[in-house]
Amino acid sequence: LSANGVMHRDRQYVVQNGEVQIVDEFTGRIMPGRRYSDGLHQAIEAKEGVNVENESKTLATITFQNYFRLYKKLSGMTGTALTEEEEFQQIYRLDCVEVPTNKPIARIDEHDSVYRTEKGKYMAVIRKIKECNEKGQPVLVGTTNVDKSEILSALLKREGIKHEVLNAKYHAKEAEIVAQAGKKGAVTIATNMAGRGTDIILGGNAEYMAKHELLKQLIAKKSEDESMTDEKIEMLMTEATGHAETEDSDILAARAKFEELNNKFKADLKDEQEEVKKAGGLYIIGTERHESRRIDNQLRGRSGRQGDPGTSKFYLSLEDDLMRIFGSDRVKNMVSSLGIAEDEPIEASILSKSIENAQKNLESRHFDARRHVLQYDEVMNEQRKIIYAQRQMVLDGEDISGTIRNMMESAIDSALDDFIGITDIPENWNIKALTDFANQILMANGEFEIEKSEIDTITKAEIRERLLEIADKRYKEQCELFGENMREIERVMMLRVVDTLWMDHLDEMEHVKREIGLRAYGQHDPVIEYRNVGSELYEGMLDAIKRDTVKYVLGVKPKPQTEIRRVQVAKPLDTGGDGSLSKKPVTAKKTPGRNDPCPCGSGKKYKHCCGR
C-alpha cells in the first residue's frame, strides 16, 4: 500500500541505472546506499519493474542528536539557525548568536503572490521568467521535488526559453549549472539542493571557468606527454587552487596557469557583471513554501550575497501541499466566493498569516516528532552503550574466559528460576525442561538426571551444583581439545551471538516504537511505556546472549580432517586395442502390440497385463 499510494517516483525516490534511489526531502539530493526497511524498498522495486534486491538488515542505529552529543565539543555555523534556536537550546544546550553580514543586504524580499489553482500559479511564474529573461536578469526557480521541476521545465520548453535543470537526476552537473546561474539571461530550475555551498556570482563564475579551461588544456597535453596520466591530471586540478608549499614544477606551473586564466575571465566578465547588476541581480522565484521556513530562507539566500542586488518572491496556490493540509477552510471558502480568475493573484493579509501559521504548525509538529524520537532513543542509548562496550572488549582481544564462566552461572541460574522458581515442592518443578536445558545448552549428553528416589530430598542448591559441575567439566574438555585456539573461538562465538541478537532486538524495538503510540488512547505515556517494554526486551536479550554463547562455546566441534583423494571423473575409452573406438549397434526397444503376449511371461495378453 505504501509503495503504491504514498511513495511517488521523482518525489521520494528516483530510478537510475536500474536502481531505486532515495531522495532527501530537505536537500533534494540522492542518498546512495540508503534503503527503506520492512520490505518497502522491495515493494517499490517490484512496482518500478527493476531487480528486487534482498532486504537490508539494521546492524546499528543512533539518532543524529545522540550521535552529535558523542563529541566533547559541539559548535556550528549556518545562515539559517535562528528559526531553530529553541531546538538548539533544548536538545544541544547551544546558544545561537547572529553575526552581522559582511556587507549590508541589498536583496528585496517581495510579498508572496497567492493563486487559486496550481495551474494559475505556473502561468504567473512563466510570465515572470519571460519578463526577467527579456531584460537579461538571471532567474533561479526553486521547486520542492524533482517532479515539479520537470513540469516547469516542460512549460519553459514550450515557451522556447533556454534553461538548465538542477535536481537529483542531474546531480553530477550541479557545480557546472550553479556556477553559471548568475550569467546574463540564465534561467535555472532547481530543487532544494539549489547549489548549496556554491556561490552564485553575478555575470558568471570566473574561477569555475578558469578550472574548466585548465582541465581542457591538461587533457589536450595528455596526447603529447606520456607522463600526463588521469591520476596526475586529477592531482594537478586539486593542487591548482591549493596553497600548500611545494617545489613540484608541474604543480607550480598549473597554479600559474590557473591564476592567469582566472584573471583573464574576471576581466572578460566584468562588463557582463555590471549589466546583470543594472538588470536587478539574481531573481529568486519560489514555487511553493516548504514545510520548514529555514529551507525557504536558504533559497532566498542564494541571491543578494556580498551586497549584490537581488530579488526574491514566492508564488503559491491554494492547491499546494502546505495550504491543502494546514490552510484553514475559511480562507479557501472566502477565495472561492470571490470568483477570482485562476491566474490572478490574491492579495490579502489573512492569506499571509494563514501561510505563516501553517509553516509554524508544521515546524512545531516536526520538532515534537524529533523530540519524541530522541526520547525513544535515550532508552536505546543506555542499552547501546552496554552492548558496544561488550563488543569492544571482545574486539580488543581480551581474555574473556572469566566472562564465559560467569555466563554459564547466569544461564544456569536463569534456567533454575524458570523451571524450579521459588517453590520447594518437587511436584511443581519442570524436571524435563531442566534436563533438556542440560543436554541442549550445557551439552550434558545424558549425564544430568534426577532419580525418582531422590526427587523428594534433592534441593535447588544441589541441582545447581550438579549443573555447574557438568558445565565446568565440559568447558575444560573444550579447552583441552582446542588448546591455545580456545580464546579466539570464545571471542568469535560471543561476537556472532551478540551481533545477531542485537540486530533482532533493534527490529523488535522498531516495531514497538511504531505501535506504542496507540497506548496514549489508554491514558498511558507512550515514552514511559516504550521504556518499560524496552527494558523487558533488553533483559530477555541479555539472557539469550548468555544462553546462546554458552551453547555454542560448549558445543563447538573441530572440523574433521578429510583425506583428499583423486576421484576418477572420466571413464577410459574402449579403443578396441587398435586405437579405434568400438561401436556397438544400438537396438531400439520394441513395444509389444496390445494383443501380443506380455513380455513378463505371465501368458496373458499385453493389454490385460503390463499394458493396462
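A crossing is left-handed if the near helix is turned anticlockwise from the far one by less than a right angle, and right-handed if clockwise. Keep that in mind for this tour of a predicted model.

**Stop 1: α15 and α18**

Select helices α15 (401-419) and α18 (486-516). Their axes come within 10 Å and cross at roughly 55 degrees. That makes α15 oblique to α18. Turn the view until one helix lies in front of the other. The crossing of α15 past α18 is left-handed. Now show side chains. From α15, pick S401, T403, I404 and M407. From α18, pick R487, E490 and M494. These residues make the contact. By class, the contact of α15 with α18 holds 3 nonpolar, 2 polar and 2 charged residues.

**Stop 2: the largest nonpolar core**

Stay with α18, and look at the largest nonpolar core, which has 57 residues. α18 gives the most to this core, with 12 residues. Color the other elements that give two or more residues: α14 (349-395), α15 (401-419), α16 (431-440), α17 (460-482) and α19 (526-555). Which residues have the most contacts inside this core? They are L442, F448, I463, L467 and I545.

Zoom in on L467. Leaving out residues up to four places away in sequence, L467 touches I412, L416, L434, A438, L442 and F448. In soluble globular proteins, nonpolar side chains tend to be buried together.

**Stop 3: a separate core**

Next, select L140, L166, L318 and I346. They are among the 21 residues of another core, which lies apart from the largest one.

**Stop 4: S153**

Go to helix α6, residues 146-159, and find S153 there. Is S153 buried or exposed? Its relative accessibility is 7%, so S153 counts as buried; the cut-off for buried is under 20%. Show H163, V165 and I189 as well. S153 is in contact with these three, leaving aside its neighbours within four places in sequence.

**Stop 5: α8 and α10**

Finish with helix α8 (residues 206-222) and helix α10 (residues 249-279). How do they cross? Their axes come within 8 Å, at roughly 130 degrees. α8 and α10 are therefore oblique to each other. Their crossing is right-handed.

Show the contact residues. On α8 they are A206, E207, M209, A210, K211, E213, L214 and Q217. On α10 they are A254, K257, F258, L261, N262, F265, K266 and L269. Color them by class: the contact of α8 with α10 has 9 nonpolar, 2 polar and 5 charged residues.

Methods:
Residues numbered from 1 in each chain as written. Predicted model: local features only at pLDDT ≥ 70, side-chain atom pairs only at ≥ 80, totals over all residues. Heavy atoms only, no water. Axes fitted to C-alpha atoms, helices over the stretch in contact; angles between N-to-C directions. Helix = DSSP H or I, 4+ residues; strand = E, 2+ residues; numbered from the N terminus. Parallel < 35°, antiparallel > 145°, perpendicular 65-115°, else oblique. Contact = heavy atoms within 4.5 Å. Nonpolar A, V, L, I, M, F, W, Y, C, P; charged D, E, K, R; others polar. Core = buried A, V, L, I, M, F, W, Y, C linked by side-chain atoms within 4.5 Å. Buried < 20%, exposed > 50% of the residue type's maximum accessible area, 1.4 Å probe, protein only.
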